[in-house]
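Subject: Structure handover

Hello,

Here is the structure we discussed handing over. Please look through it before reading the notes underneath.

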Amino acid sequence: MDAKLPYGFLAKNIRTRHAEYKMFYDAAAVLAKEGFCLTGIPALGRLGDNFGFYGMDDRYKLTDSEGDILALTEDVVEGLLSLAEKENERLFGMSEVYRFSGAVRNRTSFGAVITGISGIEAEAEAIACALAVLKAIGIECGKIVLGNTSVLLGLAESIFQGKVGKDKIRSLLKNELFTDADYAVEKLIRETALVKGGLSVLKQAAEKITNPTSSAAMLNLLELSGLLEEYGLGDNIEYDLANMGRNYDNGTVFLLCDKDGKVLIEGGRHDFMRSGEVCRAVSFRFDPEYLLTIYPGRYFEEKTADAVIGIADGTKALKAAYKLRSSLTDNGLTVKVIYKTGKDETAAFAVASGIESAIYVDAEGNIAVNGQNENKDETETPKEK
């Protein structure tokens with residue numbers, strides 16, 4: 001029986017890989033201006049260094065020569081947090097991530113984190129930076145969707161009289177009920193989870209909530225949206241109290257969506273362990289390949305070179321071509337080079353590639369531009385000609 005590799009473990013189309021990196025450079029330029037530092041994310045880490053985000057069976061694992069269990073990076077945010085060294089640190093990077101289960105096991109993921117800061121200030125900063133990244137890569141944000149994981153968790157804990165995990169909330173939302181308490185809390189949870197919409201809807205829901213945890217979470221949402229309003233980012237804010245984020249999100253969660261509701265960037269607030277202490281962090285992340293699928297835009301445009309240089313065989317031809325190519329690239333032009341070729345072949349390559357300027361350097365170092373002979377010492381570019 002033929003073994004079928006899960007999606008993500010096959011070689012990517014070179015155009016997709018190239019487009020991902022162009023998107024990365026655009027996003028990196030924005031975050032660098034905001035004080036974020038580019039960080040190389042390790043592909044492997046000790047299994048214990050996971051901040052409690054995942055269980056052991058959720059990762060691909062390797063054993064090193066000393067018997068330590070290492071795990072492939074499963075989440076770009078976790079990879080970034082493993083590198084955090086001090087308070088008030090801003091890091092970003094792009095990495096391959098690997099998951100043990102699901103339809104997609106391997107993807108390229110981009111993430112950014114702000115560590116050591118808690119509160120709406122850091123949350124608003126993360127959202128503002130994520131919006132700037134979207135703008136830089138040429139995608140318009142249709143709406144900002146805010147939520148807070150503590151709203152539903154607080155409701156459940158007030159009825160169950162104890163700690164409740166996200167998995168329990170998710171099972172209740174799926175109507176997976178097993179005890180009398182499940183039936184008692186399910187209606188309240190579901191009614192609150194259905195709260196979606198604008199500020200008036202959120203305020204109506206807040207009036208019905210009395211437990212301290214959920215009330216504090218609702219107040220946090222109101223204060224965060226108020227700060228975003230002050231930043232001039234409040235025109236398209238909506239709320240979704242059913243959004244529980246990822247396993248490590250424990251507080252504010254947000255989605256940046258396009259006008260059709262497709263999620264472009266997701267993020268949230270979470271705690272992580274460092275040197276035995278709990279530290280605060282806010283992050284956002286996106287999947288470059290997914291964004292390229294729904295918005296190929298300029299990243300998949302085939303950019304032809306400004307000129308092609310065909311070079312005859314011989315050292316004199318190579319020397320003259322090298323000098324010419326350096327002159328062209330110093331003037332900001334892009335050049336393709338073909339070796340050991342003729343004038344007609346160079347012209348044919350230019351036509352086939354959609355390149356306007358065809359330059360040929362013969363065996364004596366003489367230069368011809370689009371069939372017209374030029375002095376070999378001239379350094380004028382094709383565009384200047």
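The notes below go from the whole chain to particular residues.

Overall

This is a predicted model. The protein has 385 residues, and buried residues make up 45% of them. Its secondary structure comes to 11 helices and 17 strands. Among contacts between residues at least 6 apart in sequence, 66% join residues at least 24 apart. The accessible surface is about 20000 Å², and carbon and sulfur atoms account for 51% of that surface.

Nonpolar cores

The largest nonpolar core contains 51 residues. Within this core, the residues that touch the most other members are Leu-31, Ile-127, Leu-146, Leu-256 and Phe-284. Helix α3, residues 120-136, gives the most to this core, with 10 residues. Another core, of 15 residues, lies apart from it; its members include Ile-311, Ala-320, Leu-324 and Leu-333.

To see what surrounds one of the central names, take Leu-146. With neighbours within four places in sequence left aside, Leu-146 is in contact with Ile-127, Leu-221, Leu-224, Ser-225, Leu-228, Ile-237, Glu-238, Tyr-239, Asp-240, Val-253 and Phe-254.

Strands β6 and β12

Strand β12 covers residues 277-286, and 7 of its 10 residues are buried. Strand β6, residues 106-115, runs antiparallel to β12, and 6 bridges join the two. In this pairing Ala-112 stands opposite Phe-284 of β12. Phe-284 is also among the residues listed above for touching the most other members of the largest core.

Aromatic pairs

The count comes to 5 aromatic pairs. One of them joins Phe-24 and Phe-92: the ring centres are 6.4 Å apart and the planes are at 40°, so the pair counts as tilted. Phe-24 sits in helix α1 (residues 14-33) and Phe-92 in strand β5 (residues 89-98), so that the pair links distant parts of the chain, 68 residues apart. Both rings belong to buried residues: Phe-24 has a relative accessibility of 10%, and Phe-92 has 2%. Ring pairs also link Phe-24, Tyr-25, Phe-92, Phe-110 and Phe-286 into a cluster.

Cysteines

How many disulfides does the count come to? The count is 0. For Cys-141, the closest cysteine sulfur is that of Cys-257, at 7.1 Å, which is too far for a bond because a disulfide requires the two sulfur atoms to be within 2.5 Å. Cys-257 is likewise in no disulfide, and its nearest cysteine sulfur is that of Cys-141. Are these two cysteines buried or exposed? Cys-141 is buried, with a relative accessible area of 17%; the cut-off for buried is under 20%. Cys-257 is buried as well, at 3%.

Around Tyr-339

Tyr-339 lies in strand β14, residues 335-339. Gly-310 is 29 residues from Tyr-339 in sequence, while the C-alpha to C-alpha distance between them is 6.1 Å. Apart from neighbours within four places in sequence, Tyr-339 is in contact with Ile-311, Leu-318 and Arg-325. Of these contacts, Ile-311 is named above as a member of the core of 15 residues.

Regards

Definitions and conventions
Residues are numbered from 1 along each chain as its sequence is written. This is a predicted model: local features need pLDDT of at least 70, side-chain atom pairs count only at pLDDT 80 or more; totals for chains, interfaces and linings use all residues. Side-chain values use heavy atoms; hydrogens and water are left out. A nonpolar core is a set of buried Ala, Val, Leu, Ile, Met, Phe, Trp, Tyr and Cys residues joined through side-chain atoms within 4.5 Å. Buried means under 20% relative accessible area, exposed over 50%, partly exposed in between (1.4 Å probe, protein chains only). Helices (H or I, at least four residues) and strands (E, at least two) are DSSP runs, numbered from the N terminus. Contact means heavy atoms within 4.5 Å. Two strands pair if DSSP finds at least two bridges between them. Rings of Phe, Tyr and Trp (its six-membered ring) pair if their centres lie within 6.5 Å; planes under 30 degrees apart count as stacked, over 60 as edge-to-face and the rest as tilted. Accessible areas come from the Shrake-Rupley method with a 1.4 Å probe; for residues, only the protein chains shown count as cover.
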